[in-house]
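Visitor: I am new to this structure. Please walk me through how to read it.

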Amino acid sequence: MSKLVYLAGPILGCTYDGCTNWREYAINEFARDGITGLSPMRAKEFLKEHPKLADGISDHVLATDVGITTRDMWDVRRCDAVLFNLLDAERISVGTAIEYGWSSAFNKPIITVM
């Protein structure tokens with residue numbers, strides 16, 4: 001079975017491309033070594049039309065607070081490690097801070113790029 005790495009980092013206030021480009025790159029690089037990258041932006045192409053991602057911009061189940069929290073926590077719980085990309089972070093991301101907490105609580109190795 002492939003190893004799983006959750007790809008954490010700021011989303012709120014970022015552009016769709018800003019959230020997805022680095023994750024797509026990481027997914028492709030990890031795949032070369034048989035590792036699966038888990039992006040919290042997967043299946044969220046419906047957000048492309050928004051210039052900046054914000055709370056409440058879509059009522060799609062994957063964009064609601066419950067949908068985001070449920071899937072992201074499940075992904076962190078089932079992954080083998082978490083990669084945090086903070087390179088372009090312009091401010092503190094509450095969601096990313098929560099993912100740090102989950103990673104620690106679930107005893108996941110944490111890799112941070114700053």
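Visitor: Which residue of S2 does valine 5 stand opposite?

Guide: First, a caution: this is a predicted model. Now the pairing. Valine 5 stands opposite glycine 37 in S2. S2 covers residues 35-38, and four bridges join S1 to this strand. The two run parallel. Another pair sits along this border: lysine 3 stands opposite isoleucine 35 in S2.

Visitor: Which residue of S3 does valine 5 stand opposite?

Guide: Alanine 81 in S3. Four bridges join S1 to S3, again in parallel. Look along this border too: alanine 8 stands opposite phenylalanine 84 in S3.

Visitor: What is the order of the strands in the sheet?

Guide: Read a sheet from one edge across to the other. Here the order is S2-S1-S3-S4, an open sheet of four strands with parallel pairing. S2 and S4 stand at the edges with a single partner strand each, so one side of each has no neighbour in the sheet. On average, neighbouring strands are turned by 25° against each other, direction ignored.

Visitor: How many bridges hold S3 and S4 together?

Guide: Four, and the pairing is parallel. One place to look is asparagine 85, which stands opposite valine 113 in S4.

Visitor: How do I judge whether a strand is covered?

Guide: Count its buried residues. Buried means under 20% relative accessible area. For S3, five of the five residues are buried, so the strand is largely enclosed by the rest of the structure. Then check which way the residues point. Ala81, Leu83 and Asn85 point one way from S3, while Val82 and Phe84 point the other way. All of them are buried.

Visitor: How many residues of S1 are buried?

Guide: Five of its six, so to speak of S1 as mostly covered is fair.

Visitor: Which elements link the parallel strands?

Guide: Follow the chain from one strand, over a helix, to the next. S1, helix H1 (residues 16-31) and S2 make a right-handed β-α-β unit. S3, H3 and S4 make a right-handed β-α-β unit as well.

Visitor: What span does H1 have?

Guide: Compare the reach of a helix with the expected span. H1 has 16 residues and reaches 22 Å from its first C-alpha to its last. That is close to the 22 Å expected at 1.5 Å a residue. Next, its cover. Tyr16, Cys19, Thr20, Trp22, Arg23 and Ala26 are buried in H1. Their cover includes S1 and S3.

Visitor: And what span does H3 have?

Guide: H3 runs over residues 94-105, twelve in number. From first C-alpha to last, H3 reaches 17 Å, close to the 16 Å expected at 1.5 Å a residue.

Visitor: Which residues of H3 are buried?

Guide: Start with the general idea. An α-helix has 3.6 residues a turn, so residues three or four places apart point the same way. Now the case here. Thr96, Glu99, Trp102 and Ser103 are buried in H3. Seen down the helix axis, the buried residues of H3 fall within an arc of 110°, so they line one face. On the other side of H3, Val94 and Ala105 are exposed.

Visitor: What do the buried residues of H3 pack against?

Guide: Strand S1 (3-8), helix H2 (65-78), strand S3 (81-85) and strand S4 (110-113). Just after H3, look at asparagine 107: its phi is positive, about 55°.

Visitor: Where does H2 lie on the sheet?

Guide: Across S1, S2 and S3, running at about 140° to S1. H3 packs on the sheet too, touching S1, S3 and S4. The direction of H3 makes about 155° with that of S3.

Visitor: Is aspartate 75 buried or exposed?

Guide: Find aspartate 75 in helix H2. Aspartate 75 is buried, with a relative accessible area of 0%.

Visitor: Which residues is aspartate 75 in contact with, leaving aside its neighbours within four places in sequence?

Guide: With that exclusion, aspartate 75 is in contact with Tyr6, Leu38 and Arg42. Now try a distance. Aspartate 75 and glutamate 29 are 46 residues apart along the chain, and their C-alpha atoms are separated by 19 Å.

Definitions and conventions
Residues numbered from 1 in each chain as written. Predicted model: local features only at pLDDT ≥ 70, side-chain atom pairs only at ≥ 80, totals over all residues. Heavy atoms only, no water. Expected span 1.5 Å × (residues − 1). Buried < 20%, exposed > 50% of the residue type's maximum accessible area, 1.4 Å probe, protein only. Arc of directions from axis to C-beta. Contact = heavy atoms within 4.5 Å. Pairing = 2+ DSSP bridges. Right-handed = clockwise from strand over helix to strand, strands pointing away. Axes fitted to C-alpha atoms, helices over the stretch in contact; angles between N-to-C directions.
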